[in-house]
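I set out to look up the aromatic rings of this structure and the charges placed over them. My entries follow in the order in which I made them.

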Amino acid sequence: MASAFLSRTLFAHRFVSSFAINQNPQKLAPLFFKKPLHSWASPIHTVYRRLTIVRSDMASTMVGSTSSFSTQSMSTSEPVVSVDWLHANLREPDMKVLDASWYMPDEQRNPLQEYQVAHIPGALFFDVDGISDRTTNLPHMLPSEEAFAAAVSALGIENKDGVVVYDGKGIFSAARVWWMFRVFGHDRVWVLDGGLPRWRASGFDVESSASGDAILKASAASEAIEKVYHGQAVGPVTFQTKYQPHLVWTLEQVKKNTEDQTHQHVDARSKARFDGVAAEPRKGIRSGHVPGSKCIPFAQMLDSSQTLLSADQLKKKFEQEGISLDEPVMASCGTGVTACILALGFHRLGKTDVPVYDGSWTEWGAQEDTPVATSNPSS
């Protein structure tokens, strides 16, 4: 699988290089994805203009003069930024914006294609499935430090940069990439509250095509990952990692926690999957949950506009579910994506050290020797 992906990315790299930089990049999407492209007949091909010019002034007032902007001085205690704030600071030189859209396999959505159709101006594409560990069959597991540094460097990101991550749902896969950067020691990273839907609903511009440079960078990031895992040399590394092991849990740590109960275990999957009454979306995975864990579906962290609940609302939600904010917490989900939304919520409440079980239920439920509990919904 890895070699096949490498072949596609190398071919894409050579193909793109043979075109002028202003060539239509929409033709390049099939080079990066296995799935057939969806129809391009969509009104979102056009560039949307802002419906108001007041928001920019409002946002500038909120954050001060953009001429003195620096991501170094931004607070990392708050894990999200508003679309107004991002719009006011979008063109700052030390600001990098990443489209980290990712969807469940059964949704049949192509994130790179959607990025090319409509994305925040200047945003780069971060491939959640591509920037991952190549030594496991588990989906989008954390890559090695060297691989992450190589991929992020290929995207043109440096340690001095502030990074804002968004996705096409509001808050979904962007939280995973926020967590990834923090795992590798980069705290100047934030999720765009409400994501692309909120950005567009606010009337701000979107770009309807990606530049050749953006496509080359997406290809180079995937190529860098492959090179690292094949022991090959990569290009200049501009991003230095500092691994934070306390933010990542392994299968063995979760096993130990079922006995020691040092951490409250919160599962972000749906209640039906947690209870074991709904089948898992991936084949060969048992239904149920880790004994002793509690279920708080990730959607309960968000309001109807897919923005993160206020601190008071989050606190009330956790208290209702019997989670003590005074005790350690760890989070899991299906494949380590939506657990990061729980971590985002805890971060807003000052619990910045919540680890995520990277393999999550896809790893746990596939094992033969891991205990599985089920719940009676009527109990």
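Entry 1, charges over rings. I worked on a predicted model. I looked first at Arg 109, which lies over the face of Tyr 103 at 3.9 Å from the ring centre. I then noted Lys 169, placed over the face of Phe 172, with 4.3 Å to the ring centre.

Entry 2, ring pairs. I recorded eleven aromatic pairs in the structure. I examined Phe 148 with Phe 239: the centres are 6.0 Å apart and the planes stand at 70°, an edge-to-face pair. Phe 148 belongs to helix H5 (residues 145-154) and Phe 239 to the loop between helix H8 (212-229) and strand E6 (248-249), so this pair ties together parts that are 91 residues apart in sequence. I checked burial as well, and both Phe 148 and Phe 239 are buried.

Entry 3, a further partner of Phe 239. I asked how the rings of Phe 181 and Phe 239 are set to each other. Their centres are 6.0 Å apart and their planes meet at 90°, so I entered the pair as edge-to-face, the cut-off for that class being over 60 degrees. Phe 181 sits in helix H6 (residues 173-183), Phe 239 in the loop between H8 and E6, and the pair links distant parts of the chain, 58 residues apart. Phe 181 is buried, as is Phe 239.

Entry 4, the cluster. I traced the ring pairs onward and found that they link Phe 126, Phe 148, Phe 181, Phe 184, Phe 239 and Tyr 243 into a cluster.

Methods. Residues numbered from 1 in each chain as written. Predicted model: local features only at pLDDT ≥ 70, side-chain atom pairs only at ≥ 80, totals over all residues. Heavy atoms only, no water. Phe/Tyr/Trp six-rings, centres within 6.5 Å; stacked < 30°, edge-to-face > 60°. Helix = DSSP H or I, 4+ residues; strand = E, 2+ residues; numbered from the N terminus. Buried < 20%, exposed > 50% of the residue type's maximum accessible area, 1.4 Å probe, protein only. Lys NZ or Arg CZ within 6 Å of the ring centre and 35° of its normal.
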